[in-house]
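This report walks through a single protein model. Please keep the sequence and the 3D view at hand while reading.

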Amino acid sequence: MLLCSAASLQQSNGNVQAEKIYNMKPPSLPNSLSRPNSVMKRKKTADGGIKKRDNDLHRLLFMPNGLPDGAELTYFIKGQKLLEGYKQGNGIVCCCCERELSPSQFEAHAGMAARRQPYRHIYTSNGLTLHDIALSLANGQCVTTGSSDDTCAVCGNAGDLLLCRECSQAFHPSCLNLEHLPEGEWRCPNCADEHGSSRKAVSGEASSTARPIVIRLTRVVKSPEFEIGGCVVCRGHDFSGSTFDDRTVILCDQCEKEFHVGCLRESGLCDLKEIPEDKWFCSDDCNRIHVALQSYVSSGVQIIPTVFANIIRRKYLEKGLLIDGATDCVQWRILSGKSRYSEHLPLLSSAAAIFRECFDPIVAKSGRDLIPVMVYGRNISGQEFGGMYCVVLIVRSVVVSAGLLRIFGREVAELPIVATSRKHQGKGYFQALFACIENLLSSLNVENLVLPAADEALSIWTKKFGFTKMSEQQLSKYQKELQLTIFKGTLMLEKKVDLIPE
(Lines give C-alpha, C1' and ligand atoms only; values in the text may rest on other atoms or scores of the structure.)
Protein backbone atom coordinates (compact mmCIF):
# COMPACT_ATOMS: atom_id res chain seq x y z
CA MET A 1 0.00 0.00 0.00
CA LEU A 2 1.18 3.46 -0.88
CA LEU A 3 -0.31 6.62 0.28
CA CYS A 4 -0.63 9.22 -2.53
CA SER A 5 -1.63 10.82 -0.28
CA ALA A 6 -0.91 7.13 0.03
CA ALA A 7 -2.48 7.59 0.48
CA SER A 8 -4.11 8.81 -0.02
CA LEU A 9 -8.76 12.53 0.99
CA GLN A 10 -8.82 16.18 0.88
CA GLN A 11 -9.02 19.06 -1.52
CA SER A 12 -7.00 22.19 -1.14
CA ASN A 13 -10.05 24.43 -0.72
CA GLY A 14 -12.11 22.36 1.73
CA ASN A 15 -11.94 21.25 5.34
CA VAL A 16 -11.74 17.56 6.16
CA GLN A 17 -10.71 15.82 9.33
CA ALA A 18 -10.63 12.27 10.60
CA GLU A 19 -13.59 10.73 12.39
CA LYS A 20 -14.05 11.65 16.04
CA ILE A 21 -14.80 9.01 18.69
CA TYR A 22 -16.08 10.36 21.96
CA ASN A 23 -16.06 9.09 25.57
CA MET A 24 -13.46 6.48 24.80
CA LYS A 25 -11.17 5.38 27.60
CA PRO A 26 -7.60 5.10 26.35
CA PRO A 27 -6.28 1.54 26.41
CA SER A 28 -3.50 0.58 28.76
CA LEU A 29 0.12 0.47 27.67
CA PRO A 30 0.93 -2.74 25.77
CA ASN A 31 3.39 -5.07 27.51
CA SER A 32 5.56 -5.12 24.40
CA LEU A 33 6.54 -1.49 24.95
CA SER A 34 9.40 -1.44 27.43
CA ARG A 35 10.27 1.41 29.74
CA PRO A 36 14.02 1.83 29.25
CA ASN A 37 16.75 3.46 31.22
CA SER A 38 16.80 6.48 28.95
CA VAL A 39 19.83 8.62 28.32
CA MET A 40 17.59 11.68 28.57
CA LYS A 41 18.20 14.19 31.32
CA ARG A 42 16.34 13.63 34.58
CA LYS A 43 15.40 15.86 37.46
CA LYS A 44 14.31 15.23 41.00
CA THR A 45 10.65 15.66 41.83
CA ALA A 46 9.34 16.95 45.14
CA ASP A 47 8.84 13.42 46.47
CA GLY A 48 12.36 12.35 45.54
CA GLY A 49 11.36 10.51 42.36
CA ILE A 50 12.74 10.92 38.87
CA LYS A 51 10.84 12.80 36.16
CA LYS A 52 11.81 13.26 32.55
CA ARG A 53 12.20 16.88 31.51
CA ASP A 54 9.38 17.99 29.22
CA ASN A 55 11.80 19.73 26.89
CA ASP A 56 13.64 16.44 26.35
CA LEU A 57 10.38 14.66 25.59
CA HIS A 58 9.46 17.48 23.20
CA ARG A 59 12.80 17.12 21.46
CA LEU A 60 12.25 13.40 20.79
CA LEU A 61 8.61 13.64 19.76
CA PHE A 62 8.81 16.63 17.46
CA MET A 63 12.08 15.91 15.68
CA PRO A 64 11.99 14.51 12.10
CA ASN A 65 12.22 10.86 13.24
CA GLY A 66 9.65 11.33 15.99
CA LEU A 67 5.88 11.59 15.78
CA PRO A 68 4.73 12.00 12.15
CA ASP A 69 2.79 15.07 11.06
CA GLY A 70 -0.93 14.34 11.10
CA ALA A 71 -0.80 11.97 14.10
CA GLU A 72 -4.11 12.15 15.96
CA LEU A 73 -3.76 13.48 19.52
CA THR A 74 -6.37 13.68 22.27
CA TYR A 75 -6.29 15.13 25.79
CA PHE A 76 -7.88 12.68 28.26
CA ILE A 77 -8.71 13.04 31.96
CA LYS A 78 -10.19 10.06 33.80
CA GLY A 79 -11.35 8.47 30.57
CA GLN A 80 -13.06 11.62 29.32
CA LYS A 81 -12.01 13.18 26.04
CA LEU A 82 -11.57 16.92 26.51
CA LEU A 83 -9.79 18.12 23.37
CA GLU A 84 -8.66 16.79 19.99
CA GLY A 85 -5.89 17.85 17.66
CA TYR A 86 -3.09 16.54 15.49
CA LYS A 87 0.66 16.90 15.46
CA GLN A 88 2.02 19.39 12.93
CA GLY A 89 5.61 20.62 12.81
CA ASN A 90 6.76 21.60 16.29
CA GLY A 91 3.31 21.78 17.83
CA ILE A 92 -0.25 20.49 18.02
CA VAL A 93 -3.03 21.94 15.87
CA CYS A 94 -6.27 22.15 17.85
CA CYS A 95 -9.29 20.79 15.98
CA CYS A 96 -11.69 23.29 17.54
CA CYS A 97 -9.86 26.52 16.70
CA GLU A 98 -7.19 25.44 14.14
CA ARG A 99 -4.44 27.15 16.18
CA GLU A 100 -0.99 25.59 16.55
CA LEU A 101 -0.18 25.09 20.24
CA SER A 102 2.62 23.65 22.33
CA PRO A 103 1.70 20.57 24.42
CA SER A 104 1.47 22.78 27.53
CA GLN A 105 -0.78 25.26 25.70
CA PHE A 106 -2.88 22.34 24.41
CA GLU A 107 -3.35 21.18 28.00
CA ALA A 108 -4.33 24.70 29.08
CA HIS A 109 -6.73 24.94 26.13
CA ALA A 110 -8.38 21.76 27.45
CA GLY A 111 -8.96 23.59 30.76
CA MET A 112 -6.31 21.64 32.65
CA ALA A 113 -3.44 24.12 32.92
CA ALA A 114 -3.04 23.46 36.64
CA ARG A 115 -2.08 19.82 36.05
CA ARG A 116 1.11 20.74 34.19
CA GLN A 117 1.49 17.19 32.83
CA PRO A 118 0.65 17.43 29.12
CA TYR A 119 2.83 14.50 28.04
CA ARG A 120 1.06 12.12 30.44
CA HIS A 121 -2.46 13.14 29.41
CA ILE A 122 -2.15 13.63 25.63
CA TYR A 123 -2.81 10.29 23.92
CA THR A 124 -2.17 9.02 20.41
CA SER A 125 -4.74 6.97 18.47
CA ASN A 126 -3.33 3.64 19.72
CA GLY A 127 -3.79 4.51 23.39
CA LEU A 128 -0.22 5.57 24.20
CA THR A 129 0.60 8.87 25.87
CA LEU A 130 3.24 11.22 24.50
CA HIS A 131 5.29 10.18 27.53
CA ASP A 132 5.05 6.50 26.50
CA ILE A 133 5.98 7.29 22.90
CA ALA A 134 8.99 9.36 23.97
CA LEU A 135 10.28 6.55 26.21
CA SER A 136 9.92 4.05 23.38
CA LEU A 137 11.68 6.37 20.91
CA ALA A 138 14.55 6.72 23.38
CA ASN A 139 14.77 2.93 23.46
CA GLY A 140 15.20 2.76 19.69
CA GLN A 141 11.68 1.90 18.59
CA CYS A 142 10.41 3.54 15.42
CA VAL A 143 7.05 5.10 14.66
CA THR A 144 5.14 3.99 11.58
CA THR A 145 1.78 5.00 10.13
CA GLY A 146 0.80 1.44 9.21
CA SER A 147 1.90 -1.75 7.53
CA SER A 148 3.40 -1.52 4.07
CA ASP A 149 5.10 -3.98 1.77
CA ASP A 150 6.98 -1.19 0.01
CA THR A 151 9.30 -0.05 2.81
CA CYS A 152 11.27 -1.87 5.50
CA ALA A 153 9.56 -1.86 8.90
CA VAL A 154 12.95 -1.48 10.61
CA CYS A 155 14.77 1.23 8.65
CA GLY A 156 11.89 2.69 6.58
CA ASN A 157 13.74 2.42 3.26
CA ALA A 158 12.78 0.62 0.05
CA GLY A 159 14.78 -2.11 -1.70
CA ASP A 160 14.73 -5.91 -1.87
CA LEU A 161 12.35 -6.87 0.92
CA LEU A 162 11.02 -9.98 2.64
CA LEU A 163 7.25 -9.96 3.12
CA CYS A 164 5.81 -11.51 6.29
CA ARG A 165 2.96 -13.91 5.53
CA GLU A 166 1.07 -12.85 8.69
CA CYS A 167 1.31 -9.08 9.15
CA SER A 168 2.27 -7.99 5.59
CA GLN A 169 5.18 -5.95 6.95
CA ALA A 170 8.37 -6.04 4.89
CA PHE A 171 11.99 -6.20 5.99
CA HIS A 172 15.47 -6.03 4.55
CA PRO A 173 17.21 -9.35 5.27
CA SER A 174 20.21 -7.38 6.54
CA CYS A 175 18.02 -5.46 9.02
CA LEU A 176 17.09 -8.82 10.58
CA ASN A 177 20.68 -10.12 10.43
CA LEU A 178 19.64 -12.87 8.01
CA GLU A 179 22.62 -14.38 6.23
CA HIS A 180 20.48 -16.37 3.77
CA LEU A 181 17.06 -15.81 2.27
CA PRO A 182 14.41 -18.14 3.75
CA GLU A 183 12.60 -20.51 1.43
CA GLY A 184 8.84 -20.54 0.99
CA GLU A 185 6.45 -18.56 3.18
CA TRP A 186 8.10 -16.64 6.02
CA ARG A 187 7.05 -15.03 9.30
CA CYS A 188 8.78 -12.00 10.78
CA PRO A 189 10.28 -12.45 14.29
CA ASN A 190 7.32 -10.77 15.98
CA CYS A 191 4.75 -12.99 14.26
CA ALA A 192 6.89 -16.09 14.79
CA ASP A 193 7.01 -15.34 18.53
CA GLU A 194 3.25 -14.77 18.69
CA HIS A 195 2.59 -18.13 17.02
CA GLY A 196 4.93 -19.94 19.40
CA SER A 197 7.29 -20.78 16.61
CA SER A 198 10.68 -22.12 17.55
CA ARG A 199 12.15 -20.95 14.26
CA LYS A 200 15.18 -18.73 14.77
CA ALA A 201 16.77 -16.29 12.40
CA VAL A 202 18.97 -18.00 9.84
CA SER A 203 21.98 -16.52 11.57
CA GLY A 204 21.15 -18.62 14.60
CA GLU A 205 20.11 -15.72 16.81
CA ALA A 206 16.63 -14.59 17.70
CA SER A 207 15.92 -11.13 16.37
CA SER A 208 15.55 -8.36 18.90
CA THR A 209 13.67 -6.15 16.45
CA ALA A 210 11.13 -4.13 18.40
CA ARG A 211 7.62 -3.96 17.03
CA PRO A 212 7.09 -0.51 15.48
CA ILE A 213 4.64 1.86 17.13
CA VAL A 214 1.70 2.21 14.72
CA ILE A 215 0.11 5.68 14.67
CA ARG A 216 -3.09 6.59 12.83
CA LEU A 217 -2.95 9.89 10.99
CA THR A 218 -5.56 12.60 10.60
CA ARG A 219 -5.58 13.63 6.97
CA VAL A 220 -6.35 17.34 7.23
CA VAL A 221 -6.89 19.74 4.37
CA LYS A 222 -3.93 21.93 3.58
CA SER A 223 -5.49 25.33 3.16
CA PRO A 224 -3.88 27.41 0.40
CA GLU A 225 -2.14 30.63 1.35
CA PHE A 226 -3.96 32.48 -1.41
CA GLU A 227 -7.38 32.55 -3.01
CA ILE A 228 -7.71 29.75 -5.53
CA GLY A 229 -9.99 29.27 -8.52
CA GLY A 230 -11.62 32.10 -10.41
CA CYS A 231 -11.57 32.87 -14.12
CA VAL A 232 -8.48 31.45 -15.80
CA VAL A 233 -8.23 34.47 -18.09
CA CYS A 234 -8.73 37.45 -15.74
CA ARG A 235 -8.26 35.71 -12.34
CA GLY A 236 -11.44 37.40 -11.14
CA HIS A 237 -13.74 35.65 -8.67
CA ASP A 238 -16.85 37.68 -9.38
CA PHE A 239 -19.74 36.13 -11.27
CA SER A 240 -23.29 36.79 -12.42
CA GLY A 241 -25.73 34.23 -11.09
CA SER A 242 -29.15 35.45 -12.15
CA THR A 243 -28.69 36.48 -15.78
CA PHE A 244 -26.54 35.41 -18.71
CA ASP A 245 -23.98 38.13 -19.36
CA ASP A 246 -20.22 38.68 -19.64
CA ARG A 247 -19.66 37.80 -15.94
CA THR A 248 -21.48 34.47 -16.16
CA VAL A 249 -19.04 31.69 -15.22
CA ILE A 250 -18.84 28.42 -17.14
CA LEU A 251 -16.72 25.37 -16.25
CA CYS A 252 -14.98 23.02 -18.66
CA ASP A 253 -16.44 19.53 -18.25
CA GLN A 254 -12.99 17.92 -18.44
CA CYS A 255 -10.32 20.17 -16.90
CA GLU A 256 -12.83 21.90 -14.56
CA LYS A 257 -11.28 25.33 -15.15
CA GLU A 258 -13.51 28.38 -14.77
CA PHE A 259 -14.08 31.06 -17.42
CA HIS A 260 -16.12 34.25 -17.63
CA VAL A 261 -18.23 34.21 -20.79
CA GLY A 262 -16.95 37.70 -21.64
CA CYS A 263 -13.31 36.67 -21.10
CA LEU A 264 -13.82 33.72 -23.46
CA ARG A 265 -15.09 36.07 -26.15
CA GLU A 266 -12.38 38.70 -25.67
CA SER A 267 -9.59 36.11 -25.76
CA GLY A 268 -10.99 34.54 -28.93
CA LEU A 269 -11.56 31.15 -27.33
CA CYS A 270 -15.34 30.95 -27.66
CA ASP A 271 -18.34 33.22 -28.25
CA LEU A 272 -21.17 31.77 -26.20
CA LYS A 273 -24.68 33.20 -26.64
CA GLU A 274 -26.25 31.06 -23.90
CA ILE A 275 -25.36 28.32 -21.42
CA PRO A 276 -24.76 25.11 -23.43
CA GLU A 277 -27.40 22.42 -22.89
CA ASP A 278 -24.82 19.64 -23.28
CA LYS A 279 -21.23 19.37 -22.07
CA TRP A 280 -18.82 22.19 -22.84
CA PHE A 281 -15.06 21.97 -23.28
CA CYS A 282 -12.55 24.80 -23.28
CA SER A 283 -10.28 23.20 -25.90
CA ASP A 284 -10.05 20.44 -28.48
CA ASP A 285 -7.68 18.56 -26.15
CA CYS A 286 -10.25 18.48 -23.33
CA ASN A 287 -12.94 17.31 -25.76
CA ARG A 288 -10.66 14.58 -27.13
CA ILE A 289 -9.66 13.35 -23.65
CA HIS A 290 -13.27 13.26 -22.46
CA VAL A 291 -14.43 11.27 -25.49
CA ALA A 292 -11.55 8.79 -25.07
CA LEU A 293 -12.25 8.30 -21.35
CA GLN A 294 -15.93 7.67 -21.98
CA SER A 295 -14.97 5.13 -24.62
CA TYR A 296 -12.75 3.31 -22.10
CA VAL A 297 -15.54 3.38 -19.52
CA SER A 298 -18.11 1.88 -21.88
CA SER A 299 -15.78 -0.70 -23.46
CA GLY A 300 -15.43 -2.72 -20.26
CA VAL A 301 -12.45 -4.76 -19.11
CA GLN A 302 -9.12 -4.72 -20.93
CA ILE A 303 -6.46 -7.42 -20.85
CA ILE A 304 -3.26 -5.87 -19.50
CA PRO A 305 -0.35 -5.79 -21.98
CA THR A 306 2.15 -8.64 -21.78
CA VAL A 307 4.93 -6.35 -20.59
CA PHE A 308 2.81 -5.41 -17.55
CA ALA A 309 1.80 -9.03 -16.90
CA ASN A 310 5.52 -9.84 -16.77
CA ILE A 311 5.86 -7.48 -13.77
CA ILE A 312 3.46 -9.73 -11.87
CA ARG A 313 5.18 -12.88 -13.13
CA ARG A 314 8.58 -11.66 -11.89
CA LYS A 315 7.15 -10.89 -8.43
CA TYR A 316 5.63 -14.36 -8.20
CA LEU A 317 8.95 -15.95 -9.16
CA GLU A 318 10.92 -13.77 -6.71
CA LYS A 319 8.69 -14.83 -3.82
CA GLY A 320 8.47 -18.46 -4.83
CA LEU A 321 4.70 -18.28 -5.33
CA LEU A 322 2.75 -20.64 -7.56
CA ILE A 323 1.88 -18.79 -10.76
CA ASP A 324 -0.80 -21.23 -11.98
CA GLY A 325 -2.08 -18.87 -14.67
CA ALA A 326 -2.07 -15.87 -12.32
CA THR A 327 -0.80 -13.58 -15.07
CA ASP A 328 -3.17 -14.91 -17.74
CA CYS A 329 -6.36 -13.59 -16.13
CA VAL A 330 -5.31 -10.08 -15.07
CA GLN A 331 -7.52 -7.31 -16.44
CA TRP A 332 -7.85 -3.59 -15.87
CA ARG A 333 -10.82 -1.33 -16.22
CA ILE A 334 -11.79 2.35 -15.97
CA LEU A 335 -14.93 3.06 -13.97
CA SER A 336 -17.00 6.20 -13.61
CA GLY A 337 -19.18 6.45 -10.54
CA LYS A 338 -20.74 9.57 -11.99
CA SER A 339 -22.01 7.59 -15.00
CA ARG A 340 -24.06 5.35 -12.67
CA TYR A 341 -23.60 2.18 -14.73
CA SER A 342 -25.14 -0.65 -12.70
CA GLU A 343 -22.37 -3.10 -13.63
CA HIS A 344 -19.79 -0.68 -12.19
CA LEU A 345 -21.30 -0.58 -8.72
CA PRO A 346 -19.86 -3.87 -7.34
CA LEU A 347 -16.39 -2.96 -8.62
CA LEU A 348 -16.59 0.56 -7.20
CA SER A 349 -17.72 -0.90 -3.89
CA SER A 350 -14.68 -3.21 -3.88
CA ALA A 351 -12.38 -0.26 -4.63
CA ALA A 352 -13.87 1.75 -1.76
CA ALA A 353 -13.35 -1.23 0.57
CA ILE A 354 -9.65 -1.40 -0.42
CA PHE A 355 -9.19 2.31 0.28
CA ARG A 356 -10.88 1.98 3.69
CA GLU A 357 -8.69 -1.02 4.50
CA CYS A 358 -5.43 0.68 3.57
CA PHE A 359 -5.99 4.30 4.59
CA ASP A 360 -7.11 6.21 7.65
CA PRO A 361 -10.77 7.30 7.65
CA ILE A 362 -11.36 10.54 5.78
CA VAL A 363 -14.46 12.31 7.05
CA ALA A 364 -15.79 15.77 6.25
CA LYS A 365 -16.58 18.16 9.10
CA SER A 366 -20.23 17.28 8.58
CA GLY A 367 -19.32 13.67 9.47
CA ARG A 368 -19.63 12.38 5.91
CA ASP A 369 -17.15 9.77 4.73
CA LEU A 370 -15.27 11.20 1.75
CA ILE A 371 -13.93 7.95 0.32
CA PRO A 372 -17.24 6.90 -1.31
CA VAL A 373 -17.84 10.53 -2.32
CA MET A 374 -14.67 10.43 -4.42
CA VAL A 375 -15.06 6.86 -5.64
CA TYR A 376 -18.59 7.54 -6.91
CA GLY A 377 -17.69 10.97 -8.34
CA ARG A 378 -20.08 12.98 -6.22
CA ASN A 379 -20.01 16.63 -5.27
CA ILE A 380 -20.65 17.93 -1.78
CA SER A 381 -20.63 21.44 -0.38
CA GLY A 382 -17.31 23.09 -1.25
CA GLN A 383 -15.81 19.96 -2.76
CA GLU A 384 -16.22 18.64 -6.29
CA PHE A 385 -15.19 15.13 -7.27
CA GLY A 386 -17.32 14.67 -10.39
CA GLY A 387 -14.21 14.42 -12.57
CA MET A 388 -12.77 11.42 -10.68
CA TYR A 389 -12.38 8.08 -12.44
CA CYS A 390 -11.60 4.83 -10.67
CA VAL A 391 -9.04 2.54 -12.32
CA VAL A 392 -9.04 -1.05 -11.06
CA LEU A 393 -6.91 -4.15 -11.56
CA ILE A 394 -8.96 -7.35 -11.60
CA VAL A 395 -7.65 -10.90 -11.06
CA ARG A 396 -10.12 -13.76 -11.52
CA SER A 397 -13.04 -11.32 -11.19
CA VAL A 398 -11.68 -9.87 -7.91
CA VAL A 399 -10.50 -6.24 -7.59
CA VAL A 400 -7.00 -6.42 -6.11
CA SER A 401 -5.74 -2.87 -6.74
CA ALA A 402 -7.47 0.46 -7.32
CA GLY A 403 -6.59 4.09 -7.90
CA LEU A 404 -8.49 7.36 -8.28
CA LEU A 405 -7.52 9.41 -11.32
CA ARG A 406 -8.54 12.89 -12.43
CA ILE A 407 -7.27 14.43 -15.68
CA PHE A 408 -7.15 18.22 -15.81
CA GLY A 409 -6.77 18.44 -19.57
CA ARG A 410 -3.56 17.78 -21.46
CA GLU A 411 -1.29 19.61 -19.01
CA VAL A 412 -1.67 17.51 -15.87
CA ALA A 413 -3.48 14.62 -14.17
CA GLU A 414 -3.61 13.72 -10.49
CA LEU A 415 -3.54 10.34 -8.71
CA PRO A 416 -4.62 11.23 -5.15
CA ILE A 417 -5.06 7.69 -3.84
CA VAL A 418 -3.97 4.25 -5.00
CA ALA A 419 -3.76 1.00 -3.04
CA THR A 420 -3.64 -2.79 -3.16
CA SER A 421 -5.70 -4.94 -0.81
CA ARG A 422 -3.52 -6.29 1.97
CA LYS A 423 -4.02 -9.96 1.08
CA HIS A 424 -2.73 -9.25 -2.44
CA GLN A 425 0.21 -7.02 -1.59
CA GLY A 426 3.72 -7.95 -2.65
CA LYS A 427 2.63 -9.67 -5.88
CA GLY A 428 3.35 -6.89 -8.38
CA TYR A 429 -0.27 -5.81 -8.78
CA PHE A 430 0.40 -2.24 -7.69
CA GLN A 431 3.18 -1.80 -10.24
CA ALA A 432 1.03 -3.30 -12.97
CA LEU A 433 -1.87 -0.97 -12.15
CA PHE A 434 0.39 2.08 -12.14
CA ALA A 435 1.86 0.99 -15.49
CA CYS A 436 -1.67 0.77 -16.92
CA ILE A 437 -2.48 4.27 -15.63
CA GLU A 438 0.71 5.75 -17.03
CA ASN A 439 0.12 4.01 -20.35
CA LEU A 440 -3.41 5.46 -20.44
CA LEU A 441 -2.12 8.99 -19.79
CA SER A 442 0.52 8.59 -22.48
CA SER A 443 -2.09 7.49 -25.02
CA LEU A 444 -4.09 10.64 -24.18
CA ASN A 445 -0.99 12.86 -24.57
CA VAL A 446 -1.24 14.02 -20.95
CA GLU A 447 2.08 15.61 -20.06
CA ASN A 448 2.40 15.48 -16.25
CA LEU A 449 1.20 13.33 -13.35
CA VAL A 450 1.07 14.66 -9.77
CA LEU A 451 0.25 13.05 -6.43
CA PRO A 452 0.51 13.72 -2.67
CA ALA A 453 3.00 11.40 -0.95
CA ALA A 454 3.34 10.62 2.75
CA ASP A 455 6.83 10.51 4.25
CA GLU A 456 6.90 6.71 4.47
CA ALA A 457 6.07 6.38 0.75
CA LEU A 458 8.34 9.17 -0.50
CA SER A 459 11.36 7.03 -1.35
CA ILE A 460 9.35 4.43 -3.23
CA TRP A 461 7.68 7.08 -5.43
CA THR A 462 10.94 8.90 -6.17
CA LYS A 463 13.32 5.96 -6.54
CA LYS A 464 11.05 3.34 -8.06
CA PHE A 465 8.54 5.37 -10.08
CA GLY A 466 10.61 8.40 -11.07
CA PHE A 467 8.72 11.19 -9.29
CA THR A 468 10.39 14.37 -8.03
CA LYS A 469 9.37 16.92 -5.42
CA MET A 470 7.22 19.69 -6.85
CA SER A 471 8.49 23.23 -6.39
CA GLU A 472 6.37 25.69 -4.41
CA GLN A 473 6.15 27.86 -7.53
CA GLN A 474 4.73 25.01 -9.62
CA LEU A 475 2.31 24.00 -6.88
CA SER A 476 1.11 27.58 -6.58
CA LYS A 477 0.52 27.71 -10.34
CA TYR A 478 -1.55 24.52 -10.28
CA GLN A 479 -3.59 25.58 -7.26
CA LYS A 480 -4.61 28.86 -8.84
CA GLU A 481 -6.30 27.01 -11.67
CA LEU A 482 -7.11 23.50 -10.44
CA GLN A 483 -8.71 21.84 -7.42
CA LEU A 484 -5.86 19.49 -6.61
CA THR A 485 -6.34 16.94 -3.84
CA ILE A 486 -3.72 17.80 -1.21
CA PHE A 487 -3.07 16.45 2.30
CA LYS A 488 -1.42 18.18 5.20
CA GLY A 489 1.73 16.35 6.18
CA THR A 490 2.42 15.18 2.62
CA LEU A 491 4.66 16.39 -0.18
CA MET A 492 3.39 17.00 -3.68
CA LEU A 493 5.32 15.00 -6.27
CA GLU A 494 5.31 15.21 -10.05
CA LYS A 495 6.74 13.42 -13.06
CA LYS A 496 6.66 13.74 -16.81
CA VAL A 497 4.50 11.09 -18.39
CA ASP A 498 6.70 8.89 -20.57
CA LEU A 499 5.66 8.65 -24.18
CA ILE A 500 5.07 4.99 -24.90
CA PRO A 501 5.58 3.86 -28.52
CA GLU A 502 2.64 2.29 -30.29
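The text below covers cysteines, nonpolar cores, a sheet and a helix.

**Cysteines**

The model is predicted. Its disulfide count is 0. Cys 252 shows the reasoning. Its closest cysteine sulfur belongs to Cys 255, at 3.6 Å. A disulfide needs the two sulfur atoms within 2.5 Å, so this pair is too far apart for a bond. How accessible are Cys 252 and Cys 329? The table gives the values.

| Residue | Relative accessibility | Class |
|---|---|---|
| Cys 252 | 2% | buried |
| Cys 329 | 24% | partly exposed |

**Nonpolar cores**

The largest nonpolar core holds 45 residues. Ile 304, Leu 393, Leu 405, Ile 407, Leu 441, Leu 449 and Trp 461 have the most contacts inside this core. Which helix gives the most to the core? It is helix 11, residues 429–443, with 10 residues.

Ile 407 deserves a closer look. Setting aside neighbours within four places in sequence, Ile 407 is in contact with Gln 254, Cys 255, Ile 289 and Leu 293. Its contacts also include Val 412, Ala 413, Leu 441, Leu 444 and Val 446. Cys 255 thus appears twice in this account: as a contact of Ile 407, and as the owner of the sulfur closest to that of Cys 252.

A second core is separate and has 25 residues. Among them are Leu 347, Leu 348, Ala 351 and Ile 354.

**Helix 9**

Helix 9 runs over residues 345–358. Its 14 residues should span 20 Å at 1.5 Å a residue, and the end C-alpha atoms are 20 Å apart, so the two values agree. Which residues of helix 9 are buried? They are Leu 347, Leu 348, Ala 351, Ala 352, Ile 354, Phe 355 and Cys 358. These buried residues cover an arc of only 155° around the axis, so they lie on the same side of helix 9.

What do the buried residues of helix 9 pack against? One partner is helix 10 (370–375). The strands are strand 16 (330–335), strand 20 (389–395), strand 21 (398–408) and strand 22 (412–420).

**An open sheet**

One open sheet has 5 strands in the order 7-6-5-4-8, with antiparallel pairing. Strand 7 (100–101) and strand 8 (122–124) are at the edges. Each has a single partner strand, so one side of each lacks a neighbour in the sheet. Strand 4, residues 72–77, runs antiparallel to strand 8, and 3 bridges join them. Thr 74 stands opposite Tyr 123 of strand 8.

Terms used: Residues numbered from 1 in each chain as written. Predicted model: local features only at pLDDT ≥ 70, side-chain atom pairs only at ≥ 80, totals over all residues. Heavy atoms only, no water. Buried < 20%, exposed > 50% of the residue type's maximum accessible area, 1.4 Å probe, protein only. Core = buried A, V, L, I, M, F, W, Y, C linked by side-chain atoms within 4.5 Å. Helix = DSSP H or I, 4+ residues; strand = E, 2+ residues; numbered from the N terminus. Contact = heavy atoms within 4.5 Å. Pairing = 2+ DSSP bridges. Expected span 1.5 Å × (residues − 1). Arc of directions from axis to C-beta.
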